[in-house]
Amino acid sequence: MFIPFKDLALVGCSVMLCAAALTAQAEEHNMNHKHKQMASVQSMAEVVTTSGVVKGVLAQTNQLKVQHQRIPEWDMREMQMKFNLAPGMQASDFKEGQPIEFRLKQQNMMKFTITEVIDQ
Ligand SMILES: [Cu+2]
């Protein structure tokens with residue numbers, strides 16, 4: 001019996017299953033890719049969740065100086081850094097000595113933005 005290809009595709013593979021299989025394959029490929037270029041910034045997670053202590057409030061530039069814990073995803077030891085704040089967040093809402101848990105986004109090698117404070 002002749003079955004048109006598009007029907008065969010529908011029969012042989014539900015949309016959900018296909019999407020899942022393709023996604024899994026793509027992820028596997030990415031993983032392999034990452035191992036080959038560990039040091040490349042593009043291969044690292046763009047957003048990480050980490051925590052630290054506010055060491056300075058820079059109201060003029062709307063930045064926070066934060067002593068952050070080690071960030072294994074970026075191969076970064078604990079250190080003090082200046083972070084930008086995502087639109088809508090105010091540096092003046094924070095104070096020195098305050099512990100925070102936050103999501104941190106890396107846009108390029110030296111630009112880091114706190115996108116969300118989970119716990120303060
Ligand atoms: Cu750092």
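**View 1. I100, a partly exposed residue in a predicted model.** We start with I100, which has 18 C-beta neighbours inside 10 Å and therefore counts as partly exposed. To count as buried, a residue needs 20 or more other C-beta atoms within 10 Å of its own. Keep in mind that everything here comes from a predicted model. As for where I100 sits, it lies in strand 4, which covers residues 99-108.

**View 2. I100 and S51, 49 residues apart along the chain.** Despite that stretch of sequence, the C-alpha atoms of I100 and S51 are separated by 5.6 Å. Contacts of this general sort can be tallied for the protein chain too: taking those between residues at least 6 apart in sequence, 48% join residues at least 24 apart.

**View 3. Strand 1 alongside strand 2.** Here residues 47-58 make up strand 1 and residues 63-68 make up strand 2. The two pair in the antiparallel sense, over six bridges. To get your bearings, find V53 and look across to Q67 in strand 2, which stands opposite.

**View 4. Five strands closing into a barrel.** Go around the barrel and you meet the strands in the order 1-2-3-5-4, with mixed pairing. From one strand to the next, the twist averages 55 degrees.

**View 5. The protein chain, end to end.** Stepping back, the protein chain has two helices and five strands. Follow the sequence and the pattern reads α-α-β-β-β-β-β. The protein chain has 120 residues, and 12% of them count as buried; I100, partly exposed, is not one of those.

Note on methods: Residues are numbered from 1 along each chain as its sequence is written. This is a predicted model: local features need pLDDT of at least 70, side-chain atom pairs count only at pLDDT 80 or more; totals for chains, interfaces and linings use all residues. Two strands pair if DSSP finds at least two bridges between them. Helices (H or I, at least four residues) and strands (E, at least two) are DSSP runs, numbered from the N terminus. Axes are lines fitted to C-alpha atoms, for helices over the stretch in contact, and angles run from 0 to 180 degrees between N-to-C directions. Two residues are in contact if their C-beta atoms, placed from the backbone, lie within 7 Å.
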